[in-house]
Amino acid sequence: MTDLARGLADPAHDAQRLFRAVLDGFSHPGRIVALPQAPAGVGPLSAAATAFVLTLVDRDTPLWLAPAFDRDAVRDFVRFHTGAPIVAREAEALFALLTPDRAATLDGFAIGSDPYPDRSATLIVEVPSLSTGPERFLRGPGIQSRTTARVDGLPDSFWSEWKANNALFPCGVDVVLTACSELLALPRGIVVEA
Amino acid sequence: MPDGAYNYAYLDEQTKRMIRRAILKAVAVPGYQVPFGGREMPLPYGWGTGGIQVTAAIIGQDDTLKVIDQGADDTTNAVSIRRFFARVADVDTTTRTEEATIIQTRHRVPETPLQEGQILVFQVPIPEPLRMLEPRETETRTLHALSEYGVMQVSLYESIARHGRIAKTYNYPVLVNGRYMMSPSPIPKFDNPKLDRNPALQLYGAGREKRIYAVPPYTPVKSLDFDDHPFEIETWEQCCALCGSKASFLDEMIVDDEGQRLFVCSDTDYCEERRK
Ligand SMILES: [Zn+2]
């Protein structure tokens with residue numbers, strides 16, 4: 001355990017600051033939110049994805065890892081710092097860490113049900129950049145008329161999958177896109193157009 | 001009990017994470033009531049435990065907290081909640097709406113327009129807007145799932161038939177983003193228009209029933225009405241006896257033994273600022 005990456009230096013206060021940044025992101029979809037004092041990323045994970053996991057994942061929230069992230073460094077880190085069960089089936093996960101190529105389809109993750117749309121997964125998708133990709137327009141709750149996002153590295157099929165996900169509202173997955181120590185939230189109700 | 005006996009902001013970290021996850025779901029599905037597994041708080045339910053749990057899960061040392069009860073910062077309820085957080089969360093408190101980053105409220109929305117970045121936390125006694133019409137939880141859940149709100153339309157229309165207008169003046173039901181019917185908590189219907197496309201984030205916490213719901217910034221919130229009976233807010237012939245406002249929600253006060261009555265702003269901060 002001596003070479004295990006550190007978790008939050010000051011758990012209560014760091015988690016509070018990080019959560020408020022995540023909440024700011026969910027409240028303003030499409031906005032790039034910097035995570036304050038995010039810890040260093042563990043293994044192949046960005047600082048933002050690592051911080052998100054440390055802030056919101058725990059023993060009550062099964063976590064699914066895309067194959068590229070399913071490494072001892074990540075597994076040991078998640079188990080030690082969060083206690084979350086790492087599950088083999090996407091459908092059992094409440095949180096999932098995805099590479100852009102795995103985000104080519106959103107199939108298989110929990111979308112909740114019409115009576116309980118909250119019983120759905122939140123997908124953290126690591127991308128190379130949140131600001132240098134093709135321009136897309138976002139509308140929906142949290143956005144004053146319309147906003148622009150320039151997420152890079154996602155396959156085109158992610159955006160057609162997103163359209164289908166949005167059509168499931170109030171069911172559907174929520175997506176958090178992460179790069180370096182920043183994130184951008186896409187709650188299920190957000191309409192994205194090219 | 002010494003402060004060292006508490007975790008920061010009173011709740012333990014696991015409880016905070018659970019409430020935080022519920023808050024994110026609530027923001028993602030505006031107006032939908034997210035169930036959460038709340039812990040018991042050191043206050044009786046009538047004191048706003050749901051709002052306190054939400055505030056405890058979001059508050060940090062950089063925040064400035066305002067607490068109002070019926071618009072006033074100086075009621076026993078508001079003072080004890082403010083003191084509670086000053087002690088367990090080491091935050092600054094204020095009575096000024098524009099200085100606050102978090103405003104916890106019971107029964108009012110401040111008159112001063114809120115800004116982006118502010119969070120308004122409502123204490124909610126009964127989260128289910130359909131509960132008086134349909135006592136069964138499984139039924140109301142189905143109605144929300146289908147967005148089938150005819151039962152409320154019928155109830156409001158019966159009120160028009162009986163009283164010539166919709167008699168409901170508090171806790172007037174709204175539709176959030178055209179999808180979920182929501183209880184705005186027992187605020188006067190005067191405050192309903194302030195919920196619509198507000199730049200601030202609105203979080204609603206119900207302690208007894210353990211529900212959290214939310215309205216994200218800029219989200220449409222429509223008060224239910226009919227083409228021939230459009231939604232209207234209260235108006236007063238009087239203006240505030242202290243500050244002269246004609247635009248604020250007024251409380252009636254009896255000021256002497258002869259029963260002479262005065263009308264004054266319910267929002268004490270708004271009224272005081274206008275008198276400076
Ligand atoms: Zn006044």
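Start in chain B and select helix H4, residues 137-146. Colour its buried residues: Thr140(B), Arg141(B), Leu143(B), His144(B) and Ala145(B). Keep in mind that this is a predicted model.

What lies over those residues? Show the elements that cover the buried part of H4(B). Among them are two from further along chain B, helix H5 (150-163) and strand S7 (180-182). The cover also includes strand S1 (34-35) and strand S9 (211-215) of chain B.

**Stop two: the loop after H4**

Now step past the end of the helix. H4(B) is followed by Ser147(B). This residue sits in the loop between H4 and H5 of chain B. Check its backbone: phi is near 55°, a positive value, and the residue is not a glycine. Is Ser147(B) buried or partly exposed? Its relative accessible area is 29%, so Ser147(B) is partly exposed.

**Stop three: another positive phi**

Select Lys210(B). Its phi is also positive, at about 55°, although Lys210(B) is not a glycine. Look for it in the loop between strand S8 (201-206) and S9 of chain B. Strand S9 has already appeared on this tour, as part of the cover over H4(B). Lys210(B) has a relative accessibility of 19%. The cut-off for buried is under 20%, so Lys210(B) counts as buried.

**Stop four: cysteines of chain B**

Pick Cys243(B). This residue is buried, with a relative accessible area of 14%. Then pick Cys271(B), which is buried too, at 2%. How many disulfides does the structure hold over all chains? The count is zero. A disulfide would be a covalent bond between the sulfur atoms of two cysteines.

**Stop five: the whole of chain B**

Zoom out and show chain B as a cartoon. Its secondary structure comes to seven helices and twelve strands. The radius of gyration is 19 Å, close to the 19 Å that the globule rule gives for 276 residues, so chain B is as compact as a globular protein of that length. Along the principal axes, its C-alpha atoms fill a box of roughly 60 × 50 × 35 Å. Colour by burial: 56% of the 276 residues count as buried.

Next, turn on contacts. Of those between residues at least 6 apart in sequence, 62% join residues at least 24 apart. Add the surface of chain B. It exposes about 11,700 Å², and carbon and sulfur atoms supply 50% of that. Finally, colour the charges. There are 32 positive and 39 negative ones in chain B, and their mean positions are 5 Å apart.

**Stop six: chain A**

Switch to chain A. Trace it from the N terminus: the elements run α-β-α-β-α-β-β-β-β-β-α-β-β-β. That makes four helices and ten strands. The radius of gyration of chain A is 16 Å, close to the 16 Å from the globule rule for 194 residues, so this chain is as compact as a globular protein of its length. The C-alpha trace spans about 50 × 30 × 30 Å along its principal axes.

Colour chain A by burial, and 57% of its 194 residues are buried. Its accessible surface comes to about 7,700 Å², with 49% belonging to carbon and sulfur atoms. Mark the charged side chains: 17 are positive and 23 negative, and the centres of the two sets lie 4 Å apart.

**Last stop: a cis bond**

Select Phe169(A) and Pro170(A). A cis peptide bond joins them, with omega about 10°. Pro170(A) lies in the loop between helix H4 (156-167) and strand S8 (174-179) of chain A.

Definitions and conventions
Residues are numbered from 1 along each chain as its sequence is written. Chains are lettered from A and ligands numbered from 1 in the order in which they are written. This is a predicted model: local features need pLDDT of at least 70, side-chain atom pairs count only at pLDDT 80 or more; totals for chains, interfaces and linings use all residues. Side-chain values use heavy atoms; hydrogens and water are left out. Buried means under 20% relative accessible area, exposed over 50%, partly exposed in between (1.4 Å probe, protein chains only). Contact means heavy atoms within 4.5 Å. The radius of gyration is taken over C-alpha atoms; the globule rule is 2.2 Å times the number of residues to the power 0.38. Accessible areas come from the Shrake-Rupley method with a 1.4 Å probe; for residues, only the protein chains shown count as cover. Lys and Arg count as positive and Asp and Glu as negative; His and the chain ends are not counted. The place of a charge is taken as NZ of Lys, CZ of Arg, CG of Asp or CD of Glu. A disulfide is a pair of cysteine sulfur atoms within 2.5 Å.
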